[in-house]
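Colleague: Thanks for sharing this one. Could you take me through the reasoning behind a few of the labels?

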Amino acid sequence: MLQFDQVSKSYPGGFVALERINFRIAKGEMVFLTGHSGAGKSTILKLISMIERPSTGRVMINNIDLSRLKRSQIPYVRRDVGIIYQNHRLLMNHTVFDNVALPLVIEGFTGKEMVKRVHAALDKVGLLDKQRCLPQTLSGGEQQRVGIARAVVNKPPLLLADEPTGNLDPELSRDIMRVFEAFNQVGVSVLVATHDLGLIARMRYRTLTLKQGRMINDGLMPAPGVL
Amino acid sequence: MSILFSSRASGAKASRVNPIQRFVMFFVHHIRQAVFSLGELWRTPGSSLMTIAVLGLSLTLPTTLHLLVKNVQQISGGFAKAAEINLFIRDTATPQQVQSLKTILEADSQIAGVRHISKEAAMAEFREASGFGAALNYLTDNPLPDVLVVLPVHTEPAAARQLQQQLEKERIVEFAKLDLEWLQRLDALVLLLQQAVVAIGLLLLSAVLLIVSNTIRLSIINKRDEIEVMKLVGATDAFIQRPFLYTGLWFGVFGGLLAFLVTEALLWWLRGAIASISSLYQSDFQLQAMSLHEFGGLLLLAILLGVMGSYLSVRRHLRAIEPS
């Protein structure tokens, strides 16, 4: 499903964010991506969502090389990848409903079909009763869940999350992780970037560990102190 | 359309929508978009009104000048019909010769009418009009010639000039006089005025284009975050630019309407003054207002400028905004 093939990314000025990264994520797999801040987690997510392009190497989704796609095709790639951002990236002067409906409106949905899907997505994250609220009136955790609802509303086959539990308490983090697991169970591939090692240890999924732009571990994390 | 996952049903187009529904939805969508953009203008009344006012007033000047030219043309058109040719008859011609020439000319298809002013009639008129009444009695004979006043069918300067040259060849005609010069001068003046209007109009229209373009640029910058989010969830450039184009359209509509209202107010204000002038000249001159045609043209032009200005800005600035 998702494949990184000798991917390097260096920024102007010589900073190397990623160095020859190789990994594959199969269809229906759930994977964590971890490392200190600055290790290159966000860069990997940006390469997948085509915000950045790799300096060398290939990023492939479903065996299609993203670097071969034209600028005008980028929007269509982004529709196939649901992304949850650390800073939520919501439209602050639009209601929760409008925010979640945005990907559907972009794809041309209208009327009942759109409302049905938005309600289903909001129901999954438990925010159906807040659909008329503006994002400012919601707590951080609730805003995060609006972001999740927006990412899954058009049922993408691949879901990316950038620090989804960033500033949430453990209780809420666990809830949000359960939401991801639920999507994973219906066949969605999920890639969660986080530096919350405790969370990773508890969940026991395959974990990719980055250090200064290199992949230093791929597999289950040893969980010291847990179990 | 899904590029990455060929089996993935994506978008409303993939779900069961028949072509008629899709056709209807296309219009519904655009109308909704237009109404939404109108709402955006309503939410920022200050800057919207400013832009509309600048647009409207910039369009008012060319519109007013156009009406001015139109009215002047109407006046000069009235004068052109009076292009008569005066044939001054040689002293040696007998009254019979004059009469037969008149008959021949009356039969000519190029001539609408012929009027004979005899020496005596001319003298009587001159005596009355000039105020030399008593002095003229000292003349021993009448120095004035017989005159045939010919009204051509074709009153355009070129046609009239040709007829004049033709009539001058008649044997008993001393010379033919066509008072065209002042008419040509008036025509040249009108042409000059017309060209000035075009030049000023072009300048002001480009100003309008730049104003709309700049206003839209500001609103794009204001919505930078929103545009980034839309791009992140997969909006195409066409989708993002649509509301801005509709905003430009509304600027055009309201700017055009404002220009129309201001021009009408200006005409109404001038109407009184013009009526008193034309009554002094005993003329029944009527100031011509904007026709429905011209109003439609003005509105269309304004809308075109609004959309074009918006498009110029959208093309340049939307591309520059990329999420990071």
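Modeller: Happily. A helix here is a DSSP run of H or I with at least four residues. Keep in mind that the model is predicted.

Colleague: What makes residues 249-270 of chain B helix rather than strand?

Modeller: The span is 100% helix and 0% strand, and its end C-alpha atoms lie 32 Å apart. Residues 188-212 of chain B are likewise 100% helix and 0% strand, with 36 Å between the end C-alpha atoms.

Colleague: Where does the name "transmembrane region" come from?

Modeller: From UniProt, in an unreviewed entry, which puts that feature at residues 188-212, 249-270 and 290-314 of chain B. Such annotations may be inferred rather than shown by experiment.

Colleague: Why is B:Ala302 called buried?

Modeller: The cut-off for buried is 20 or more other C-beta atoms within 10 Å. B:Ala302 has 29, so this residue counts as buried. B:Ala302 sits in helix H11 (residues 292-318) of chain B.

Colleague: Which residues does B:Ala302 touch, leaving aside those up to four places away in sequence?

Modeller: B:Leu59, B:Gly252, B:Gly255, B:Gly256 and B:Ala259. By contrast, the C-alpha atom of B:Ser278, 24 residues away along the chain, is separated from that of B:Ala302 by 34 Å.

Colleague: How many residues of chain B are in contact with chain A?

Modeller: 23 residues of chain B, meeting 25 residues of chain A. Helix H1 (11-14) and helix H9 (224-232) of chain B each give two or more residues to that side, and H9(B) has the largest share, four residues. By class, the chain B side comprises 13 nonpolar, seven polar and three charged residues.

Definitions and conventions
Residues are numbered from 1 along each chain as its sequence is written. Chains are lettered from A and ligands numbered from 1 in the order in which they are written. This is a predicted model: local features need pLDDT of at least 70, side-chain atom pairs count only at pLDDT 80 or more; totals for chains, interfaces and linings use all residues. Two residues are in contact if their C-beta atoms, placed from the backbone, lie within 7 Å. Ala, Val, Leu, Ile, Met, Phe, Trp, Tyr, Cys and Pro count as nonpolar, Asp, Glu, Lys and Arg as charged, and the others, Gly among them, as polar. A residue is buried if 20 or more other C-beta atoms lie within 10 Å of its own, exposed if 12 or fewer, and partly exposed in between; C-beta atoms are placed from the backbone.
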